[in-house]
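Q: Please take a close look at the ligand site of the structure shown below and at the loop that leads into it. I would like one connected account that then sets this part within the chain.

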Amino acid sequence: MSNELKERYEVVVNSINSKMLEVGRKDEIKLVAVSKTFPVDVIKNAYEIGVRIFGENYAQELRDKSKILKDYDIEWHFIGRIQLNKLKYIVPIAELIHSVTRLEEIKEINKLSTKFNKVQKVLVQVNLSGETTKAGLRSEEVEDFIKKAYEFENVKIIGLMTMAPFTNDVEAIRRVFRSAKFLKEKLLKKFPEIKELSMGMSNDYLIAIEEGATILRIGSKIFGERNGRLK
Ligand SMILES: *Cc1c(COP(=O)(O)O)cnc(C)c1O
């Protein structure tokens with residue numbers, strides 16, 4: 001089991017490194033191992049082979065796992081849909097929240113991060129595919145959103161997150177990633193801290209690297225297929 005995990009993880013890491021070389025990228029890329037729905041023992045196995053950054057989608061699951069693993073030097077990321085009343089489970093734990101889409105969330109995060117004496121780093125999720133099932137701001141809404149968020153001192157927006165459309169059409173996926181990168185570069189001119197671009201999952205991370213992702217969120221390619229629980 002653990003050996004299989006190690007092999008899968010190495011395949012992913014090697015493919016990231018060779019893609020970085022191939023496209024001539026010399027910057028750093030952060031890999032978030034998406035452990036949602038996988039039990040704590042699987043996270044422990046991954047930790048043993050050197051994984052330190054884990055991504056979770058569900059607030060209580062994040063809270064419960066991080067409690068059990070409190071002695072582990074893990075950097076937790078929250079990547080799922082945000083419910084305002086669940087932020088109290090997320091803010092004390094998360095290094096980065098990828099999926100902010102509403103000003104009410106910024107306000108609540110600010111309240112909690114002030115209470116926990118931290119500055120919460122977040123990404124703004126953008127919906128560039130136009131798919132109505134996907135959360136996120138439209139590109140023309142982001143600048144105003146960032147300006148308004150400045151008012152909240154204990155929240156720091158450090159970049160954007162996006163998801164590719166649900167399709168096998170590589171060029172359609174590439175277009176979305178490319179417009180995310182374009183948007184980030186545009187914002188960066190006005191807001192120098194908008195540096196990160198979280199995009200790329202198991203099926204599209206190599207395209208995401210080509211198009212300028214700085215953070216990848218990879219689950220099944222590392223941990224295997226998820227079964228049982230809903231996505
Ligand atoms: C589940 C999930 C991932 C990882 O998906 P895989 O296809 O298993 O790599 C990444 N990002 C978000 C937002 C997710 O919900």
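A: In this predicted model, T37 belongs to the loop that connects β1 with α2. The backbone at T37 is notable in one respect: phi is positive, at about 70°, although T37 is not a glycine. For context, most residues other than glycine have a negative phi.

The loop also holds K36, placed between β1 (30-34) and α2 (40-48). The UniProt record, an unreviewed entry, assigns to K36 the feature "modified residue: N6-(pyridoxal phosphate)lysine". K36 counts as buried because its relative accessible area is 7%, which is under the 20% cut-off.

The ligand has 13 residues around it, and those that come nearest are K36, S202, G219, S220 and R226. The annotated lysine is thus named both in the record and in the group nearest to the ligand. Sorted by class, the shell consists of five nonpolar, four polar and four charged residues.

Three side chains can be described at the level of atom pairs. For K36, a polar side-chain atom is found 2.7 Å from an oxygen atom of the ligand. For N57, an N or O atom of the side chain is 2.8 Å from a ligand oxygen atom. For R226, an N or O atom of the side chain likewise stands 2.8 Å from an oxygen atom of the ligand. On its own the ligand has 390 Å² of accessible area, and the protein covers 94% of this.

Beyond the loop comes helix α2, in which the buried residues are V40, V42, I43, N45, A46 and Y47. After α2 the chain reaches G50, where phi is positive, near 110°.

The site can next be placed in the annotated domain. UniProt, again in an unreviewed entry, gives "domain: Alanine racemase N-terminal" for residues 30-226. This stretch is 38% helix and 20% strand, and its end C-alpha atoms lie 22 Å apart. R226, one of the residues nearest to the ligand, stands at the final position of the annotated range.

Other positions in the chain fill out the picture, beginning with the segment that leads into β5. N117 is in the loop between α5 (103-115) and β5. It is exposed, because its relative accessibility is 71%, and over 50% is required for that class. N117 also has a positive phi, near 60°, and is a residue other than glycine. Q120 lies in strand β5, which spans residues 120-126. In contrast to exposed N117, Q120 is buried, since its relative accessible area is 0%. The side chain of Q120 makes a polar contact of 2.8 Å with that of K118.

After β5, the loop that runs to α6 (142-149) contains E131. E131 is partly exposed because its relative accessibility is 22%, a value between the limits of 20% and 50%. Although E131 and P165 are 34 residues apart in sequence, their C-alpha atoms are 7.0 Å apart in space.

Farther along, I173 is part of helix α7, residues 170-190. I173 is buried, with a relative accessibility of 6%. Between I173 and G200 the separation is 27 residues in sequence and 9.7 Å in space, taken between C-alpha atoms. S198 lies in strand β7, which covers residues 196-198. S198 is buried as well, at 0% relative accessibility, and its side chain forms a polar contact of 2.9 Å with the side chain of R217.

Finally, the chain as a whole provides the setting. Its secondary structure amounts to nine helices and eight strands. Buried residues account for 51% of its 231 residues. The C-alpha atoms occupy a box of roughly 50 × 40 × 35 Å along the principal axes. For 231 residues, a compact globule would have a radius of gyration near 17 Å, and the chain agrees with this because its own value is 17 Å.

Key
Residues are numbered from 1 along each chain as its sequence is written. This is a predicted model: local features need pLDDT of at least 70, side-chain atom pairs count only at pLDDT 80 or more; totals for chains, interfaces and linings use all residues. Side-chain values use heavy atoms; hydrogens and water are left out. UniProt positions are given in the numbering used here, feature names are shortened, and annotations may be inferred rather than shown by experiment. Helices (H or I, at least four residues) and strands (E, at least two) are DSSP runs, numbered from the N terminus. Buried means under 20% relative accessible area, exposed over 50%, partly exposed in between (1.4 Å probe, protein chains only). A residue is near a molecule or strand if one of its heavy atoms lies within 4 Å of it. A polar contact is a pair of N or O atoms within 3.5 Å; within protein, one must be able to donate a hydrogen and the other to accept it, and residues adjacent in sequence count only if both atoms are side-chain atoms. Accessible areas come from the Shrake-Rupley method with a 1.4 Å probe; for residues, only the protein chains shown count as cover. Ala, Val, Leu, Ile, Met, Phe, Trp, Tyr, Cys and Pro count as nonpolar, Asp, Glu, Lys and Arg as charged, and the others, Gly among them, as polar. The radius of gyration is taken over C-alpha atoms; the globule rule is 2.2 Å times the number of residues to the power 0.38.
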